[in-house]
Amino acid sequence: MAENPMLKFVTVPRDMPVKRDASVRKEDFDEIYAEYADAKAKEQASRCSQCGVPYCQSHCPLHNNIPDWLLLTAEGRLQEAYEISQATNTFPEICGRICPQDRLCEGNCVIEQSGHGTVTIGSVEKYITDTAWEKGWVKPIKPAKEREESVGIIGAGPGGLAAADALRRAGVQVTVYDRYDRAGGLLTYGIPGFKLEKPVVMQRIEQLEQGGVTFVLNCNVGEDISFEDIRKKHDAVLIATGVYKSRDLPGPDGGKAVRAIDYLTASNRKSFGDQVPEFESGELNAEGKRVVVIGGGDTAMDCVRTAIRQGATSVKCLYRRDRANMPGSQREVANAEEEGVEFVWLTAPAGISENGVMAQRMRLGAPDATGRQMPELIEGSDYVEEADLVIKALGFEPEDLPKLWGVEGLEVTRWGTIKADFRTHATSLEGVYAVGDIVRGASLVVWAIRDGREAAEAILTDALAPNAVAAE
Ligand code: FAD
Ligand code: SF4
Ligand code: SF4
């Protein structure tokens, strides 16, 4: 009888791809993990116990068929593994790199819970799709038949692009409008290269362009073209504009505080080789500076690690709760610490002065309604955390789109996010759909992809003529 290639978790330990040494990786913006060698990917996939009820799959927002592609990888049938993986995920190589797997698929893997260490699902997913690109298995989009109807998509982030891909495969004419000069949204200008190298994003955009998606870049809807004009031009419209209004601290900022999104965008632009005057002038460059980042989420982690790579003399991260209660991924905190970032826990900003951040020490008090302990101020504990550059990473809120775009009847929630049906993503306006962060609030790439795919399906069945041609 042939040997079972799976269930090796008892004898084979969990092994992530090699992580570059901190002293080397902090010198550049390249990804920190190397690729698995083929034998290693097979070996790690073979640890899966092929659960009858795979919790990994139910906790993946895309319900990826993880056990099947792990089995095929373990058997060396990579092309079939790729076919299954891409059937449910528009950008598997991107999710494999940047999903917070510890909170999603891997965090719910049963062998993790039995103390053997999770199957490295994300790294195998990345390996499968990177190999598919290398071997030419990722085919250009070629619809079986062209359709006349067109859809206008506002926003070229993962939500908009996932919808563009699905609609184009069905032969629909797709135009994506974006105010930036490059497509990709936060994949391009938010997330740094050490988590997601830019050529990985650009090759997907080229694939969409080659497949017939039209991009209208440097086009700020509401300024360069009105929302109503876009509605008139297309049979359906999808809003996928993300959330970009930065939360701020009250009071003056001492002339040295910048917004995380501006700081990260400038750094990503430099990685593309662009001229960035605010970087050149030093305003958005941490080189030779004592840097303090305020916030404890993933954006703050990206800022501290970017500042290290730019050559800051010191980098501190101020967060009002403790390590166990921070929203950012523990894996990213560990990476940041290895690279030389100092975390100042239980410390909140009261304001920003010429010398740095006016800080106050906190302690954790009684839990709030969600069970999370509330930070309480320790009276008389004020001090100044000295800094030459302060980066505010306090989170994002939606812009007031109905007002900005002068649209009547587009309903929003009390948080300002667009109201949309959770399954079809239809808004209160006929033929207008919305997905991603502008509906969910700041969220994750994988949720934006799911929304985009679902909205495309609903647009095909509900908004366009019901003679949809199956994708090739
Ligand atoms: P976006 O990616 O924000 O794209 C929206 C697009 O709409 C942008 O290109 C914007 O230019 C365009 N747009 C906006 N307004 C207009 C207008 N008026 N006219 C024309 N175009 C417009 N998620 C993860 O899963 N893993 C991570 O590691 C991770 N890291 C992150 C790091 C940072 C620094 C940030 C800020 C976010 C991170 N996220 C991460 C979250 C993730 O990037 C978002 O949830 C995701 O990109 C949302 O996708 P989206 O398509 O809704 O919007
Ligand atoms: Fe895990 Fe994200 Fe891949 Fe789903 S898409 S399997 S959550 S890495
Ligand atoms: Fe395999 Fe873990 Fe998923 Fe079970 S939960 S199928 S062991 S990856």
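Which residue forms a salt bridge with Glu 93, and how far apart are the closest N and O atoms? The partner is Arg 204, and the closest N and O atoms of the pair sit 2.6 Å apart. Keep in mind that this is a predicted model, so every value here is computed from its atoms.

**The domains and their interface**

To place that pair, start with the layout. The protein splits into domain 1 (8-135), domain 2 (150-243 + 398-471) and domain 3 (247-395). Note that domain 2 is written as two stretches, 150-243 and 398-471. Going by C-alpha atoms, the centres of domain 1 and domain 2 are 28 Å apart.

Between these two domains, 24 residues on the domain 1 side are in contact with 22 residues on the domain 2 side. Together they bury about 2,100 Å², and carbon and sulfur atoms give 68% of that area. On the domain 1 side, Thr 90, Phe 91 and Trp 133 stand out: they supply 28% of the area that domain 1 buries against domain 2, more than any other three residues.

What about the polar side of things? The count of salt bridges between domain 1 and domain 2 is one. Polar contacts add up to eight residue pairs across this interface, with both partners at pLDDT 80 or more. As for which helices are involved, α5 (78-88), α6 (92-98) and α8 (121-135) each bring at least two residues to the face of domain 1 that touches domain 2. With six residues, α6 gives the most to that face. Sorted by class, the same face holds 14 nonpolar, six polar and four charged residues.

**Salt bridges elsewhere**

Side chains of opposite charge can pair when their charged atoms come close. Searching the whole structure turns up 40 salt bridges. One of them joins Glu 338 to Lys 19, with 3.1 Å between the closest N and O atoms. This pair ties together distant parts of the chain: Glu 338 belongs to helix α16 (residues 330-338), while Lys 19 is in the segment before α1 (22-25), and the two are 319 residues apart.

**Around the ligands**

Now for the three ligands. Ligand 1 has 33 residues around it, and the closest are Ile 98, Asp 178, Val 221, Tyr 244 and Asp 437. Some backbone atoms approach it as follows.

| Residue (backbone atom) | Ligand 1 atom | Distance |
|---|---|---|
| Val 221 (N or O) | nitrogen | 2.9 Å |
| Asp 437 (polar) | oxygen | 2.9 Å |
| Ser 443 (polar) | oxygen | 3.1 Å |

Ligand 2 has 13 residues around it, and those that come nearest are Cys 60, Asn 64, Cys 99, Cys 105 and Glu 125. The class tally for its shell is nine nonpolar, three polar and one charged.

Which residues surround ligand 3? Cysteines in the list include Cys 48, Cys 51, Cys 56 and Cys 109. Among the others are Ser 49, Pro 54, Pro 67, Leu 70, Val 110, Val 119 and Ile 121. By class, the shell of ligand 3 comes out as 10 nonpolar and one polar, with no charged residues.

Key: Residues numbered from 1 in each chain as written. Chains lettered and ligands numbered in written order. Predicted model: local features only at pLDDT ≥ 70, side-chain atom pairs only at ≥ 80, totals over all residues. Heavy atoms only, no water. Domains from an automatic or database assignment. Contact = heavy atoms within 4.5 Å. Buried area = accessible area lost by both parts, 1.4 Å probe. Salt bridge = Lys/Arg side-chain N within 4 Å of Asp/Glu carboxyl O. Polar contact = N/O pair within 3.5 Å; in protein donor to acceptor, adjacent residues only side chain to side chain. Helix = DSSP H or I, 4+ residues; strand = E, 2+ residues; numbered from the N terminus. Nonpolar A, V, L, I, M, F, W, Y, C, P; charged D, E, K, R; others polar. Near = heavy atom within 4 Å.
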